[in-house]
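Student: I am new to this one. Could you show me how to read it, feature by feature?
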Amino acid sequence: MLYPELFKSLERVRWNMETDIPWAEFDAARLSDEQALTVKMNAITEWAALPATEMFLRDFAHDSDFSAFMSVWFFEEQKHALVLMEYLRRFRPELVPSEEELHAVRFPFDSAPPMETLMLHFCGEVRLNHWYRRAAEWHTEPVIKHIYATISRDEARHGGAYLQYMKHFLAEKEKGEAAAAAFAKVGFLMASAGRAGKPLHPTNLHVNEALFPRDTVQSRLPDPEWLPRWLDQQICFDAEWEGRVQSMILKNLSLLFGENFASTRDLNRYRKQIAAA
Ligand SMILES: [Fe+2]
Ligand SMILES: [Fe+2]
């Protein structure tokens, strides 16, 4: 079981919303309307951890260890939504998402192979860590800069926790090989996101055939066009940042498989190898 140790390690670094966020340093002159609006969209997107948790608990019903860990992950993700909403409540109350806006991102996700979903979320945490680090740089108001830096570190730790589970599943008798194939397949897709022309993250993937096209989290936001604007025109998540996401995924997969993936091409070659085996 990984849950007891993961609980302890995440508990040790847990931050307090009341005392660890420097609320008193708020500087109204350094927050623009467009910046404040992005906080609202990020708050709603974080709220989508709710349907993601429902999906994980369903697809990992056979695995009580991983399901128990979901309690920590779910708590921390909802706290991300909450700290962003608390910021708005204090300083831009007119932008606090309504309960309806939050509830709109709660919809059932189709089931998918659990190992693929796990890998997808691992890559999603890596990507979100980088998005939030960039957001922390882009914002000019000190309190929200601090909040994005804080939650970006949580996302990195979530990636680390998922990685521990991936290691654990790889070592499982009989199931290990199928897990390896799933990790390599989804890892290759996620690391190639730059080429696909759209950043792949769990919140902009289609996850419910019956609801298509309104079956991505982004499509259910008050402004479905917001994400590409945030990335391209606001936080300016450029090729260099995209490259950092990619190399972080390749580095972790190299460690996981005991290989050396210098590029997505190497990973693709390995993916084909294990798929054939
Ligand atoms: Fe989060
Ligand atoms: Fe996360």
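Student: What follows α10, and what is the sign of its phi?

Tutor: Cys 236 follows α10, and its phi is positive, near 50°. Keep in mind that this is a predicted model. As for exposure, Cys 236 counts as partly exposed, at 38% relative accessibility.

Student: Where does α10 run, and which of its residues are buried?

Tutor: Helix α10 spans residues 226–234, and its buried residues are Trp 226, Leu 227, Trp 230, Leu 231 and Gln 234. Seen down the axis of α10, these buried residues fall within an arc of 130°, so they line one face of the helix. The general idea helps here: an α-helix has 3.6 residues a turn, so residues three or four places apart point the same way.

Student: Which exposed residues sit on the face turned away from the buried side of α10?

Tutor: Asp 232 and Gln 233 are the exposed residues carried there. On the buried side, the cover of α10 includes α2 (33–47) and α6 (114–138).

Student: Can we look at a residue from α2? Is Asn 42 buried or exposed?

Tutor: Asn 42, which has its place in helix α2, counts as buried because its relative accessibility is 3%, and the cut-off for buried is under 20%. Leaving aside neighbours within four places in sequence, Asn 42 is in contact with Leu 84, Tyr 132, Tyr 148, Trp 226 and Trp 230. Two of those names should be familiar: Trp 226 and Trp 230 are among the buried residues of α10.

Student: What about the loop before α10? Where is Asp 223, and what does Asp 223 touch?

Tutor: Asp 223 is in the loop between α9 (193–196) and α10. Not counting residues up to four places away in sequence, Asp 223 touches Met 41 and Arg 229. With Arg 229 there is a polar contact: the two side chains are joined at 2.8 Å. Distance along the chain and distance in space are separate things to read. For Asp 223 and Arg 244, the chain separation is 21 residues, while their C-alpha atoms are 28 Å apart.

Student: Now the metal. Which protein residues are donors of the iron ion (ligand 2)?

Tutor: To read a metal site, list the atoms that reach the ion and then find them along the chain. The iron ion (ligand 2) has as its protein donors Glu 77 (OE), Glu 125 (OE), Glu 125 (OE), Glu 155 (OE) and His 158 (ND1), which lie 1.9 to 2.6 Å from the ion. Along the chain, these donors follow the spacing E-x47-E-x29-E-x2-H.

Student: Which residue bridges the iron ion (ligand 2) and the iron ion (ligand 1)?

Tutor: Glu 77 does, and the two iron ions lie 3.9 Å apart.

Student: Where do Glu 155 and His 158 lie?

Tutor: Both are in helix α7 (residues 142–170), 3 residues apart, or about one turn of the helix. Glu 155 is buried, with a relative accessible area of 0%, and His 158 also counts as buried, at 1% relative accessibility.

Student: Which partner does the side chain of Glu 86 have in a polar contact?

Tutor: The partner is the side chain of Arg 90, at 2.7 Å. Glu 86 is found in helix α4 (residues 64–91), and it is buried, with a relative accessible area of 17%. Setting aside residues up to four places away in sequence, Glu 86 touches Met 17 and Trp 23.

Student: How many disulfides does the structure hold?

Tutor: A disulfide is a covalent bond between the sulfur atoms of two cysteines. This structure holds 0 disulfides. One of its cysteines, Cys 123, is buried, with a relative accessible area of 1%.

Student: Let us finish with α12. How many residues does it have, and how far does it reach?

Tutor: Helix α12 (residues 264–276) has 13 residues and reaches 18 Å from its first C-alpha to its last, close to the 18 Å expected at 1.5 Å a residue. Its buried residues include Thr 264, Leu 267, Asn 268 and Tyr 270. These cover an arc of only 165° around the axis, which puts them on the same side of α12. On the other side, Arg 265, Lys 272, Gln 273 and Ala 276 are exposed.

Student: Is Ala 275 buried or exposed?

Tutor: Ala 275, found in helix α12, is exposed, with a relative accessible area of 58%.

Notes:
Residues numbered from 1 in each chain as written. Chains lettered and ligands numbered in written order. Predicted model: local features only at pLDDT ≥ 70, side-chain atom pairs only at ≥ 80, totals over all residues. Heavy atoms only, no water. Donors = N, O, S within 2.8 Å, 3.2 Å for Na, K, Ca; no water. Helix = DSSP H or I, 4+ residues; strand = E, 2+ residues; numbered from the N terminus. Buried < 20%, exposed > 50% of the residue type's maximum accessible area, 1.4 Å probe, protein only. Arc of directions from axis to C-beta. Contact = heavy atoms within 4.5 Å. Polar contact = N/O pair within 3.5 Å; in protein donor to acceptor, adjacent residues only side chain to side chain. Disulfide = S-S within 2.5 Å. Expected span 1.5 Å × (residues − 1).
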